[in-house]
Amino acid sequence: MTCCIPTRYCLAVLLMGVVIHLFTLRSNFSIIVVAMAEHSPNDEGNSSRENECFVNKTQDIKYSKHENNTADLLTFNLYNESRKQRHANSTEHDSQGRIIGAYSYGTVFSQVLGGFLEARFGGKKVLGLSILLSSVLTLLTPAAAFAGEWWLFVVRVVVGFIQGVIYPCAFGILSKWAPPLERGRLITIVFLGETLGVFVGFSLTAYLITQFGWAVTLYITGG
């Protein structure tokens, strides 16, 4: 019927929704991990000391005999405090980078596997299972974060591994449904979800974090 939308276009729109979901869960974590660091137990426990200067008692005793060296003592203490702060910031940035990069570690190893699974079991089943498992793991991410950094790292690697099959499955489905003359148009519809997913992921995540906190944000996007 000429008045109806062809099934292949409905399928392309649904696949676009899958890609939106993929990039929402993929892009929002770069914001969430910053919120995690800012509200970590260590930061909260040290918040009352953030304006205090480090005092080296040995050097204080040494310099107390020389009143004229008070300025040197203050400079020394501030220098030590600055070094400690830079070391803490470096450690925090390394931790954040490692957790954000965990997703890519998992994705690399599942691309070829996704094509094999799509050819063996069909793209619909593999794609549906990937979306289901990645959503469940997103719901479990706050628990992993509270358990420890390496638990969070493992969960993000597994999420990346599971979602790595989405692209091979999407291409496999399109190869069976898209006529040669419409293939470029249908692929464009599907992968428009990349831009929309990043937009939804960044804007929605920023709003949810300010309103409810980072843990609730993961529950909402996972759900």
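**Exercise 1.** In which helix is the place of Ile220? Work it out on this predicted model, then decide whether Ile220 is buried, partly exposed or exposed.

*Solution.* Start with the helix: Ile220 sits in α11. Next, take its relative accessible area, which comes to 42%. Buried would need a value under 20%, and exposed one over 50%. Ile220 has 42%, so it counts as partly exposed.

**Exercise 2.** Find the nonpolar surface patch that includes Ile220, and say which helix gives the largest share of the patch.

*Solution.* First, gather the members: Ile220 is joined by Leu139, Tyr207, Phe212, Val216 and Tyr219. Together they offer about 560 Å² of accessible area. Now sort them by element: α10 (183-212) and α11 (214-222) are the ones that each give two or more residues. The largest share goes to α11, with three residues.

**Exercise 3.** Now for the second largest pocket: describe its volume, the helices around it and the character of its lining.

*Solution.* Begin with the volume, which is about 190 Å³. Then walk along the lining: you meet Leu117, Phe121, Lys125, Val126, Leu129, Ser130, Leu133, Phe161, Ile162 and Val165. Placing these on the helices, α6 (111-121), α7 (123-147) and α8 (149-163) each bring at least two residues. Helix α7 has the largest share, five residues. Last, split the lining by character: eight residues are nonpolar, one is polar and one is charged. Ser130 is the polar one and Lys125 the charged one, because serine falls outside the nonpolar and charged sets while Lys belongs to the charged set.

How values were computed. Residues are numbered from 1 along each chain as its sequence is written. This is a predicted model: local features need pLDDT of at least 70, side-chain atom pairs count only at pLDDT 80 or more; totals for chains, interfaces and linings use all residues. Side-chain values use heavy atoms; hydrogens and water are left out. Patches are made of residues with over 30% relative accessible area and no salt bridge: like charges are joined within 9 Å, nonpolar side chains (Val, Leu, Ile, Met, Phe, Trp, Tyr) within 5 Å. Accessible areas come from the Shrake-Rupley method with a 1.4 Å probe; for residues, only the protein chains shown count as cover. A salt bridge is a side-chain nitrogen of Lys or Arg within 4 Å of a carboxyl oxygen of Asp or Glu. Helices (H or I, at least four residues) and strands (E, at least two) are DSSP runs, numbered from the N terminus. Buried means under 20% relative accessible area, exposed over 50%, partly exposed in between (1.4 Å probe, protein chains only). On a 1 Å grid over the protein atoms alone, a cavity is a set of points where a 1.4 Å probe fits but cannot get out, and a pocket is an open set with protein on both sides within 12 Å along at least five of seven lines; lining residues have an atom within 4 Å of a point. Grid points are joined across faces, edges and corners, and a volume is the space filled by probe spheres set on the points.
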